[in-house]
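The report below takes up enclosed space, buried elements, cysteines and the surroundings of a nucleic acid strand, in that order.

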Amino acid sequence: MNQIELTLPDGSIRSVASGTTGLEVASSISSGLAKKALAIKLNEQILDLKRPLKENGTFKIITPSNEDPDALFVLRHSCAHVLAEAVCDLFPGTKLAYGPAIDKGFYYDLMSPKPILLEDLSKIEKRMKEIIKENKAFNRLEFSAEEGLARVQNDKYKLDNANRALARDDSDGVLSFYVTGEENKNWEDLCAGPHIPSTGKIKAFKLMSIAGAYWHGDQSSDQLTRIYGTCFADKEGLDNHLHLLAEAEKRDHRKIGKELGLYHIEDHSPGMVFWHPKGTIMVNALKQYIREKISRLGYDEVITPELVDKSLWIQSGHSDKYDENMFKTNAGDREMAVKPMNCPCHIEIFNQGLKSWRDLPLRFSEFGKCHRYEPAGTMHGLMRVRGFVQDDGHIFCTEEQIATEVSDFCNLVKEIYSEFGFNDILVKLSTRPEKRVGSDSLWDKAEKALEEATQLAKLDYELNPGEGAFYGPKLEFVLKDSLGRDWQCGTIQVDFNMPERLGAEYVGKDNQKHTPVMLHRAVVGSIERFLGILIEEFMGDFPLWLAPVQARLLPISEKFVDYAKEVQNQLIQNGIRAELDDSNEKLGYKIRQCELQKIPFLLVVGEKEIQQNQVSVRQRKHGDKGSMSVSDFINLTASDRKIFR
RNA sequence: GCCAAAGUAGCUCAACUGGUAGAGCAGCUGAUUUGUAAUCAGCCGGUUGUAGGUUCGAGUCCUAUCUUUGGCUCCA
């Protein structure tokens, strides 16, 4: 009989007969382990305990743990099955579509004959608990393609799943089903597995929410009901997760933005931000920060119109590809559109005057205000809006210059992001789509330049094959919000198309006219979105240069208001954003207000301070810094107040 | 856009099956003159998102509409 060799996590090697099950291996180690085991992992594949092992490799027995992603994966996937079974029990006629484990839990997409409402979740949870209590075994059934397909032939979604599974490269022509209990008697589901031995192994789960989801994520396809849940190895893990969610809620930029009075959004202009004075300070500080960074890198700032005649959008191609995303307007007999992007306008500036190869690379930057008609259901606070300011820029260069320009840009992104504390940035490289313009050799060159640039900047990237724009490949720099949701911020896109469409040309060394390549690039992307990310990242405790209020004067009593006013004025004259609390309140109350507003420096003044011509400094999160003269305070904060250091 | 939920005072939230819309904070006024996270008292504050409808009676039920929230594959 064939022997196979299993390398255990401690490095020891165990030789067992081929066909031995994971459960048998576990039992041979200890009966306790066999009892605890959920599944095994052989090389990169997680398998049921009862599956026969047939190859050599690294081997581990998966036991319940909140720290082991493999353990959570099987538990969650099995929990999704229990969810599906419960729904099928309670909503007879339900068709199941797809129920994977995901990052922080699981979901199941299904089509029920009557709508499942939020209030049904507790009923479903109750039924799930019963199924778990029954401790039903997950039994794997395997069928040939033919038999398997016959089993799901009346089920649109599962039939589709089965066909796609069979079409996959790694398909062995077998379709597996899992039945909780006995074949042809109990509930079953087409499923690749793996699963835990029995439902009783699920110790802690919770259904979280209910949502609509399209079959295959396709808008034109069926609208399914998605039930989200989460599951952990034990109650502690679940409670911990729920606690983290509650904590994340406190960081929500919409909540903090309101509390700190930064901005609001009105019902009559959905997706457009009204920046209040304090938010405006932040917008301007961020703009100035970027301005100072890039002005040193050879960018020339420009300002272009927000309203542009339709003819330009026809010429640029936006009317073709982007029409439904544009706001239109007309005055007199002219039809105009509010710009959704700044690129055509920058080309218009490029086109003024004859350009030589000596002018390249030419870098234009603009804090351009753009409007895009985003679908109603996609708006989200500052993160996804319809009106926003981009820290936009376009680099006109030759093909040879693409590589260094992209590389310089990646370094800039890395530098700026790390100054805000973002060090593990997700970078996505989107390569040539099927429908595209430009020669293959040009695409080769551009894709290679993007890839090399990320390596030079030591940024890991994720490949998005075929997801590039039709006009060129792109890099996207993605940041996460407090709930771990991805938001694209920075980007650089190579464009072989638009300069030509809009007639951009330069005279080359050969005295011939050439079309430049254009790089669209933005470091933070949208000022709105980036500030949203920053609010959540800092939880409102901004670096001093970005903080809307840097200091607040707190007179101990009304008697000291005049002195406080004097000090406030002195600070303002020195460029410090200082407020005065002249309310008739006790010091403790005033301090509390400052803490809630997350003001970095509190300056207490009373009898003592007046006599010594000082202020008593209390720094947020650091406490009492003692008394000092006003000029000492100005010096103390000078470097942290500087936008560019 | 689609599915599910929500919209009540400036803010956070109450109001059992339809029966006079309340509280805390904020604001205003007064008292107090305060030393490092909430001093006390009084007062003001609402066409319950909007428009219709059912009813003796609607915050509550119905219809429409606007907005917000969660989501709309991490591919059996």
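In this predicted model, the largest cavity has a volume of about 30 Å³, and the count of cavities of 30 Å³ or more comes to one. Its lining is made up of Arg 291, Ile 294, Glu 301, Ser 365, Glu 366, Phe 367, Asp 391 and Asp 392. Helix H9 (277-295), strand E21 (362-371) and strand E22 (387-397) are the elements that give two or more residues to this lining, and E21 gives the most, with three residues. By class, the lining of the largest cavity divides into five charged, two nonpolar and one polar.

Helix H12 (residues 343-350) is largely enclosed by the rest of the structure, because six of its eight residues are buried. The buried residues of H12 are Cys 343, Pro 344, Cys 345, His 346, Ile 347 and Phe 350.

Cys 343 of that helix also enters the account of the cysteines, since its sulfur is the nearest cysteine sulfur to that of Cys 370, at 8.3 Å. Where the cut-off for a disulfide is a sulfur pair within 2.5 Å, the count for the model comes to zero, and Cys 370 is accordingly in no disulfide. Cys 370 has 0% relative accessibility and therefore counts as buried; Cys 594, with 0% relative accessibility, counts as buried too.

The remaining topic is the RNA. RNA strand B is surrounded by 60 residues, of which Arg 168, Gln 223, Ala 376, Asn 584 and Arg 592 are the closest. Of the atoms of RNA strand B that come within 4 Å of the protein, 49% belong to sugar and phosphate. By class, the surface near the strand has 24 nonpolar, 18 polar and 18 charged residues. Three polar contacts with RNA strand B are set out in the table.

| Residue | Polar atom of the residue | Atom of RNA strand B | Distance |
|---|---|---|---|
| Asp 103 | backbone | base nitrogen | 3.2 Å |
| Arg 164 | side chain | base oxygen | 3.0 Å |
| Arg 618 | side chain | sugar or linking oxygen | 2.8 Å |

The elements that give two or more residues to the surface near RNA strand B comprise the helices H6 (156-167), H8 (253-259), H18 (587-596) and H19 (607-612), together with the strands E10 (174-180), E12 (204-214), E13 (223-232) and E33 (614-619).

Definitions and conventions. Residues are numbered from 1 along each chain as its sequence is written. Chains are lettered from A and ligands numbered from 1 in the order in which they are written. This is a predicted model: local features need pLDDT of at least 70, side-chain atom pairs count only at pLDDT 80 or more; totals for chains, interfaces and linings use all residues. Side-chain values use heavy atoms; hydrogens and water are left out. A residue is near a molecule or strand if one of its heavy atoms lies within 4 Å of it. A polar contact is a pair of N or O atoms within 3.5 Å; within protein, one must be able to donate a hydrogen and the other to accept it, and residues adjacent in sequence count only if both atoms are side-chain atoms. Helices (H or I, at least four residues) and strands (E, at least two) are DSSP runs, numbered from the N terminus. Ala, Val, Leu, Ile, Met, Phe, Trp, Tyr, Cys and Pro count as nonpolar, Asp, Glu, Lys and Arg as charged, and the others, Gly among them, as polar. Buried means under 20% relative accessible area, exposed over 50%, partly exposed in between (1.4 Å probe, protein chains only). On a 1 Å grid over the protein atoms alone, a cavity is a set of points where a 1.4 Å probe fits but cannot get out, and a pocket is an open set with protein on both sides within 12 Å along at least five of seven lines; lining residues have an atom within 4 Å of a point. Grid points are joined across faces, edges and corners, and a volume is the space filled by probe spheres set on the points.
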